[in-house]
Amino acid sequence: MAFNFKQGASATRVYVLLVALLVLSLALITIYAREGSSGVLHTAQNALSLAASPLRSASGALSAAEDASAATASDVVADESSLSVLREQNAQLRQNLAELEEYRAEAQRLQELLDLKDDNKLDGTAARVLSRSSDAWNNVITIDKGTDAGIHEGLAVMASSGLIGQVISTTSLSSQVRLMQDPQFGVAAMVQSSRAEGIVKGALDGLLYLEDIDSDAQVALGDTVITSGLGGGFYRGILIGTVVKIDGQQGDANRRIVVEPNASASPLSEVFVVTGMSDTANTTNDTDTGTTARTTNTTNTAQDASSASRSATRN
């Protein structure tokens, strides 16, 4: 019974407290509504608000940091998903750039061949190199033009700066070209300054040698060697190379003359096959340092060019 009495008294105190608080709240609301902005309750409210503003700022910063963390986590997931795409796009751009650079370089090489054709009044066709033999005793390349393009055996083949070889076989769509450094290569040649004639031959060591030249012929280091046009096939005046070494003296029958080719056969991507030479004036400019020297009565066939050269030699 005592316990129930205490419990009832405690409940009564709670009810009285609640009623008192309610009455106090109503009184404060009434006073707050009736007093001006400078009243006691308004002043207390402003003071409490000012004291709590750092807490509100901290709470706002924490909320912003939480939102930023959530956004960062979302961005990380998005970046991981798009990173692979970006890598693929970057690889594609690199490939496109490499292809554009290759096209630019090819266009430049083809322009050089076009300049060779125009400057020296040559007729012919440009061709791409398809393959090259790796044997030192069989230095041959295959090009992508053949009889369908007017190419036949015996024609001279040039790079942008001079002779590189001769067509040795053809199909309708391709041809094989023996390079000058091949041991089986040989072309009738002459020293441009002294008009001394001989044969330029290739060798296993990759060098060119001017052979079968008169022992008394004047040959000096730095002399330019060009095709003589004798024997047919090669037109007269095509630049072969420069004398870079002479073993022996003038009058020595065993004199050995080394010629450095003016055109490099490696690397080699495009070539120009000479099928003819345009008609020129009757005056030959033998001191011309270009790729070919202008010749007299040069025609558009190898046989006519050879005949004209023989006639000039006899005269």
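Which residue stands opposite I141 in β2? In this predicted model, local features are reported at pLDDT of at least 70 and side-chain atom pairs at pLDDT 80 or more, while totals for chains, interfaces and linings use all residues. Residues are numbered from 1 along each chain as its sequence is written, and side-chain values use heavy atoms, with hydrogens and water left out. The residue opposite I141 in β2 is R132, and the strands around this pair make a good place to begin.

The protein has three helices and 12 strands; these are DSSP runs numbered from the N terminus, with helices being H or I runs of at least four residues and strands E runs of at least two. Strand β2 (residues 140-143) has partners in β1 and β5, pairing being defined by at least two DSSP bridges between two strands. With strand β1 (residues 122-132), β2 pairs in the antiparallel sense over three bridges. With strand β5 (residues 175-179), β2 again pairs in the antiparallel sense, here over four bridges, and V140 stands opposite R178 in β5. Both faces of β2 are covered: V140 and T142 on one side, and I141 and I143 on the other, are all buried. Buried means under 20% relative accessible area, exposed means over 50%, and partly exposed lies in between (1.4 Å probe, protein chains only).

Strand β1 also holds V129. Leaving aside neighbours within four places in sequence, V129 is in contact (heavy atoms within 4.5 Å) with I141, T142 and I143, as well as with L268, S269, E270 and V271. The C-alpha atoms of V129 and V177 lie 9.7 Å apart, with the two positions 48 residues apart in sequence. For the protein, of the contacts between residues at least 6 apart in sequence, 55% join residues at least 24 apart.

Strand β3 (156-159) is likewise covered on both faces, with A156 and M158 buried on one side and V157 and A159 buried on the other. A hairpin through two residues joins β3 to β4, and β3 pairs with strand β4 (residues 162-170) in the antiparallel sense over four bridges. Q166 is the bridge partner of A156 in β4. Two bridges also join β3 to β12, and these strands run antiparallel; there, M158 has F272 as its bridge partner.

What of the interior? Buried residues make up 30% of the 315 residues in the protein. A nonpolar core is taken here as a set of buried Ala, Val, Leu, Ile, Met, Phe, Trp, Tyr and Cys residues joined through side-chain atoms within 4.5 Å. The largest such core has 27 residues, and those with the most contacts inside it are L163, V200, L210, I213, V225 and I240. Elements giving two or more residues to this core are β3, β6 (186-191), β8 (208-211), β10 (239-247), β11 (256-261) and β12 (270-277). A second, separate core of 16 residues includes I141, V157, V167 and L268. Returning to the largest core, I213 is in contact with V191, A196, E197, G198, V219 and I257, its neighbours within four places in sequence being left aside.

Charged pairs come next. A search of the whole structure finds two salt bridges, each requiring a side-chain nitrogen of Lys or Arg within 4 Å of a carboxyl oxygen of Asp or Glu. In one, the side chains of R178 and D182 meet at 3.7 Å, N to O, and both residues are buried. In the other, K201 pairs with E211, the closest N and O atoms being 3.6 Å apart. This second pair links K201 in strand β7 (residues 197-202) with E211 in strand β8, 10 residues apart. K201 counts as partly exposed because its relative accessibility is 31%, and E211 counts as partly exposed at 30%.

Two loop residues have positive phi values. R195, in the loop between β6 and β7, is a residue other than glycine with phi near 65°; at 27% relative accessibility, R195 counts as partly exposed. D212, in the loop between β8 and β9 (224-227), has a positive phi of about 55° although it is not a glycine. D212 counts as exposed because its relative accessibility is 57%.

On the outside, the protein exposes about 18600 Å², with carbon and sulfur atoms supplying 56% of it; accessible areas come from the Shrake-Rupley method with a 1.4 Å probe, and for residues only the protein chains shown count as cover.
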